[in-house]
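User: I am new to this structure and would like a guided tour. Please keep the answers short.

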Amino acid sequence: MIISVASGKGGTGKTMVATNLALALDRKVQLLDCDVEEPNAHLFVQAAFDHRETVTTPVPKIDQRRCTQCGECEQICQFKAIAVLPDTDALTFPELCHSCGGCWTVCPENAISLDQRELGVIETGHRNGIFFAHGRLRIGEAMAPPLIRAVRATALPDRPTIIDAPPGTSCPVIAAMKDTDVVLLVTEPTPFGLHDLQLAVGAVRILDIPCALVINRQGAGDDRVLQYALQEKIPVLMEIPFDRRFAEIYSRGEMLIEAMPVWAPRFRALYRQIETLVVYRKAAAR
Amino acid sequence: MKELVVISGKGGTGKTSLLAAFASMASRMALCDADVDAADLHLIVAPAVRERHSFTSGHRAVIDPDRCTACGICVELCQWRAIRADFTIDPIACEGCGVCHYLCPEGAVDFPENRCGEWYLSDTRFGPMVHARLGIAEENSGKLVSLVRREARHLGETGGLELILTDGPPGIGCPVIAAIGGADAVLIVTEPTLSGIHDLQRVAGLADHFKVPAMISVNKHDLNPEMTTRIETYAETSGLVLAGNVPFDPQFTKAMVQGMTIFEQGGSSPATEAVRELWQRVCAKLGLTAPSVCE
């Protein structure tokens, strides 16, 4: 089973839920932090990393001796990463390249070879039998999705997976949620939380994945998130009260289940409920 | 005219609530919501839409089943695994690179333009506003961010305004890069948490990479005074301007629920005074004259 933890709005408690869920379980799971722009799960999990690797993406390198400036590469490139101008060598803009392979496939002179652009690094490690992986996007790099896919590719095949997704509703979060079995949406009961939750539910429905809700900071705002969940028939599996103590625990980088052990069985119950939801959904699909 | 972009790295640190409070103190200003992926500023400033424009960017491949001979060349070439076994295209996986369109021997792949969002020119009680909505699960958010900033600048220049206040997206990727390039300054709103410090350092690194001067404000600074001190030390050693901190105050959320800024909610508190002082320091740093912009 693959659970992705997402939110729409940032700062609603995704990482808090994903890390506590993973560490509360009494079985071998894996936690993949796919918020490669601002990864935070490692601050709480404190895994011992034993592997680190640089992730790159292929970009074109033009052999100017072979290039006849025919312009086919420039024509196929949708991302303006190649410019063929009169009276000068063909130029490449590697930061704009999406690595589609169009230019080196069409070049009639075989003048384009592959160079590599660094996307960032991925690190993997363990804590208490949990496999942990995350990616760190290189500062200045614009494209998060290929690095997110590289983090997901580190997953071991034999165990449940929890994915800490980035905020938003565009390509990075889609890369993190795609082909997961269930999306756990973490929100807060405020107008911002509700608005961005609605966008996130829209994204989850486009992907046709079942979803469930965790409402964090319950009591801080109003009850419109709860009303929305009822109306849309989205199960609310956990409510975490608004309490300054929780914010203080989080601020120190501590785990809720360790600072307040009463929460450990609650996160285990959350996991069982998610499991049930996925089993029902699969049975209904058959 | 100056442009200030409010960013945070980490989401949920309070940048939109603070920006709305700034807007209520500024005059001759236009608002720009560059968080096109999960825009929230409109929930407080309640824009009345004056103009609505569609945003088309890039293309999406579509296979014509009548012309497709199922030769499989496109499947081999597609780096995104966007072509399904039945030779239809998964529009979410499609990157819009056009490789299948250009190289299909049958010419069976169409490549229409992609309408991926809308942008708006609106009026608010604080001034004009440019904002947008990216379609769910769409790409090209960076291009839409560039578009709303360009439109806001145009609005400011034609209207003789002094300031563009831009609400930036979280993270450090493409929409953030598009949001800060060429701005006069960024204000990084952070929080005194381990995650906040970690994310602040990355987004400050990004601002430095693109040579945009950065100021810092620690929101909810009293939640963890030790972390706040660590952030201040980091800022001092990294040459970042400390523009003033704001205490934890549930009134921010209460005001948001009512669609108001913290000032409109009424009453003075340590938080409102802190926001006022923060804004004065930001104005001074931007070289805006306090009386004309900061009341």
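User: Which residues does A:His195 touch, not counting residues up to four places away in sequence?

Analyst: This is a predicted model. A:His195 is found in helix α7 of chain A. Leaving out residues up to four places away in sequence, A:His195 touches B:Ala39, B:Asp40, B:His42 and B:Leu43.

User: Is A:His195 buried or exposed?

Analyst: Buried means under 20% relative accessible area. A:His195 has 15% relative accessibility, so the residue counts as buried.

User: With which side chain does the side chain of A:His195 make a polar contact?

Analyst: Two partners in chain B come up here. The side chain of A:His195 reaches the backbone oxygen of B:Ala39 at 3.1 Å. That partner is a backbone atom. The side-chain partner, at 3.1 Å, is B:Asp40.

User: What is the area buried between chain B and chain A?

Analyst: The size of an interface is often given as the accessible area lost when the parts come together. Here 62 residues of chain B are in contact with 58 residues of chain A. Carbon and sulfur atoms give 63% of the buried area. The total is about 4900 Å².

User: Which three residues supply more than any other three of the area that chain B buries against chain A?

Analyst: The top three together supply 13% of the area that chain B buries against chain A. They are B:Asp37, B:Ile136 and B:Arg202.

User: Which residue forms a salt bridge with B:Arg202?

Analyst: The count between chain B and chain A is three salt bridges. In the one formed by B:Arg202, the closest N and O atoms are 3.6 Å apart. A salt bridge needs such atoms within 4 Å, so this pair qualifies. The partner of B:Arg202 is A:Glu38.

User: Which element gives the largest share of the side of chain B that touches chain A?

Analyst: Across the interface of chain B and chain A there are 26 residue pairs in polar contact, both residues at pLDDT 80 or more. Several elements give two or more residues to the side of chain B that touches chain A, including α1 (15–25), β7 (127–134) and α7 (194–209) of chain B. The largest share is nine residues, and the element is α7(B).

User: How do the residues on the side of chain B that touches chain A divide into nonpolar, polar and charged?

Analyst: Each residue is sorted by its type. On the side of chain B that touches chain A, the split is 30 nonpolar, 20 polar and twelve charged.

User: How many helices and strands does chain B have?

Analyst: Along its principal axes, the C-alpha trace of chain B spans about 70 × 40 × 35 Å. Buried residues make up 60% of the 295 residues in chain B. Among contacts in chain B with a separation of 6 or more, 76% join residues 24 or more positions apart. The count for chain B is eleven helices and eleven strands.

User: Where in chain B does pLDDT stay under 50?

Analyst: Chain B averages a pLDDT of 95, and 98% of the residues score at least 70. The model scores ipTM 0.94 and pTM 0.96. Where pLDDT is low, the predicted coordinates should not be read in detail. In chain B, pLDDT stays under 50 over residues 291–295.

User: What is the phi of A:Asp87?

Analyst: Most residues other than glycine have a negative phi. A:Asp87 lies in the loop between β4 (82–83) and β5 (91–92) of chain A. A:Asp87 is exposed, with a relative accessible area of 83%. Phi of A:Asp87 is positive, near 65°.

User: In which loop is the place of A:Asp208?

Analyst: A:Asp208 is not a glycine, but has a positive phi of about 60°. A:Asp208 is exposed, with a relative accessible area of 56%. Its place is in the loop between α7 (191–206) and β10 (211–218) of chain A.

User: With which side chain does the side chain of B:Gln265 make a polar contact?

Analyst: B:Gln265 lies in the loop between α9 and α10 (270–286) of chain B. B:Gln265 is partly exposed, with a relative accessible area of 21%. Not counting residues up to four places away in sequence, B:Gln265 touches residues including B:Lys254, B:Ala255 and B:Met260. The polar contact, at 2.3 Å, is with the side chain of B:Gln251.

Note on methods. Residues numbered from 1 in each chain as written. Chains lettered and ligands numbered in written order. Heavy atoms only, no water. Contact = heavy atoms within 4.5 Å. Buried area = accessible area lost by both parts, 1.4 Å probe. Salt bridge = Lys/Arg side-chain N within 4 Å of Asp/Glu carboxyl O. Polar contact = N/O pair within 3.5 Å; in protein donor to acceptor, adjacent residues only side chain to side chain. Helix = DSSP H or I, 4+ residues; strand = E, 2+ residues; numbered from the N terminus. pLDDT = per-residue confidence, 0-100. Buried < 20%, exposed > 50% of the residue type's maximum accessible area, 1.4 Å probe, protein only.
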